[in-house]
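Biologist: Could you zoom in on one part of this model for me, the sheet, and then follow it outwards to whatever it leads to? Take your time over it.

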Amino acid sequence: MKKCVITLFLLIAVVFFGVKLLNPFGPALIPVLPIMEGKIPYDVQVEIWKNPEEAVAKLVSGEADFAILPVTVGANLYAKGVRIRLVGVHEWKVFYLVAASDVSFEGWESLRGKEVYTPHGRGQTVDVLMRYFLTKAGLEPDKDVKILYAPPQEIVVLFKSGKIKYAALPEPFVTLCLDKGRVVFDFQKEWGREIGVPDRIPIAGLFAMEGISKETIETVEKALVSSLEWMKENLEETVRLSSEKLGMPYNVLKSSLERMVFYYVPIEDCKKEVSIFLEKLNELYPEGLQKVPDEGFYEE
């Protein structure tokens with residue numbers, strides 16, 4: 001009886017107050033814009049976070065129960081004792097290595113003695129992936145190849161000015177570089193070839209704090225699925241809204257979406273793939289993922 005009362009209370013809270021979903025600023029904003037703009041009939045409030053620490057503080061304090069996070073970030077947070085669970089994955093393709101038009105790239109060995117810029121700081125998904133492939137190619141990151149960090153907008157400016165020759169970036173920043181360079185490495189394609197899975201990487205997904213009712217989780221899942229469906233069915237308007245929110249040219253975003261893949265897969269249908277992804281990263285680059293999460297990391 002008590003359990004039924006609690007469940008009823010949570011459902012009433014969802015109906016009247018909605019639930020809060022934390023989402024990063026940047027390309028990961030595109031799939032949730034239909035929710036933010038009221039294009040779908042779900043009362044889910046999207047709040048933007050600019051760094052993982054900000055999201056963690058809100059989750060731990062109880063200010064929010066759900067967050068869109070990179071899978072690697074979520075796994076590292078779980079290892080530190082933050083009781084979050086991966087509910088599903090929705091971002092599968094977004095990372096590429098670009099090279100300036102006046103340099104060559106014949107494989108990772110081409111980067112020996114060179115510098116590569118990547119966004120934000122150490123431990124972000126593309127940073128961990130790049131270190132994985134460098135290590136597998138027999139190169140020692142930070143020694144054989146210098147990895148430097150900067151905001152993605154700054155990397156684009158430096159790349160276009162010729163001061164940067166190589167950069168590992170997410171879309172839409174890749175597209176912004178293509179008038180001065182080219183894509184030389186598709187992280188998703190190579191990962192698929194490496195592991196023997198489809199050309200995709202479980203990049204980011206929906207996380208819920210431990211103890212959230214299944215009814216509330218299902219509400220947020222349905223909202224995310226509906227948002228992704230609306231995005232695909234209304235691509236022109238999605239690009240327009242994204243352009244306004246991200247402050248990027250319409251044509252750039254439209255072109256970048258050709259190299260971005262979003263669709264929702266519940267964790268029960270991709271758990272093995274996520275587990276392989278995390279195990280491989282931990283095996284070859286434990287500094288980026290010090291511990292493979294146990295079963296408690298995955299929503300049942």
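Modeller: Let's start with one residue: L22 has A67 in strand 3 as its bridge partner. That belongs to a parallel pairing of strand 1 (residues 19–24) with strand 3 (residues 66–70), which runs over two bridges. Strands here are DSSP runs of E, at least two residues long, and helices are runs of H or I of at least four, numbered from the N terminus; two strands pair if DSSP finds at least two bridges between them.

Before going on: this is a predicted model, with local features needing pLDDT of at least 70 and side-chain atom pairs pLDDT 80 or more, while totals for chains, interfaces and linings use all residues. Numbering starts from 1 along each chain as its sequence is written, and side-chain values use heavy atoms, without hydrogens or water.

Now the whole sheet: six strands, open, in the order 2-1-3-10-4-11, with mixed pairing. Strand 2 (44–49) and strand 11 (261–266) are the edges with a single partner strand each, so one side of each has no neighbour in the sheet. From one strand to the next, the twist averages 25° (axes are lines fitted to C-alpha atoms, for helices over the stretch in contact; angles run from 0 to 180 degrees between N-to-C directions).

Helix 3 (residues 52–60) packs on this sheet, touching strands 1, 2, 3, 4 (84–93) and 10 (204–209), and its direction makes about 140° with that of strand 2. Contact here means heavy atoms within 4.5 Å. Helix 4 (residues 71–79) packs on the sheet too, touching strand 3, strand 4 and strand 10, at about 110° to the direction of strand 3.

Following things outwards, the domain assignment (automatic or from a database) gives domain 1 (19–92 + 203–297) and domain 2 (95–195). Their contact takes 22 residues from domain 1 and 22 residues from domain 2. About 2,100 Å² is buried between them, 75% of it from carbon and sulfur atoms; that is accessible area (1.4 Å probe) lost on putting the two parts together, summed over both. On the domain 1 side, R259, L284 and Y285 lose the most, together 32% of what that side buries.

R259 turns up again in a salt bridge with E171, at 2.6 Å from N to O (the rule: a Lys or Arg side-chain nitrogen within 4 Å of an Asp or Glu carboxyl oxygen). Helix 4 reappears as well: with helix 11 (250–256) and helix 12 (267–284), it is one of the elements giving two or more residues to the side of domain 1 that touches domain 2. Helix 12 has the largest share of that side, five residues.
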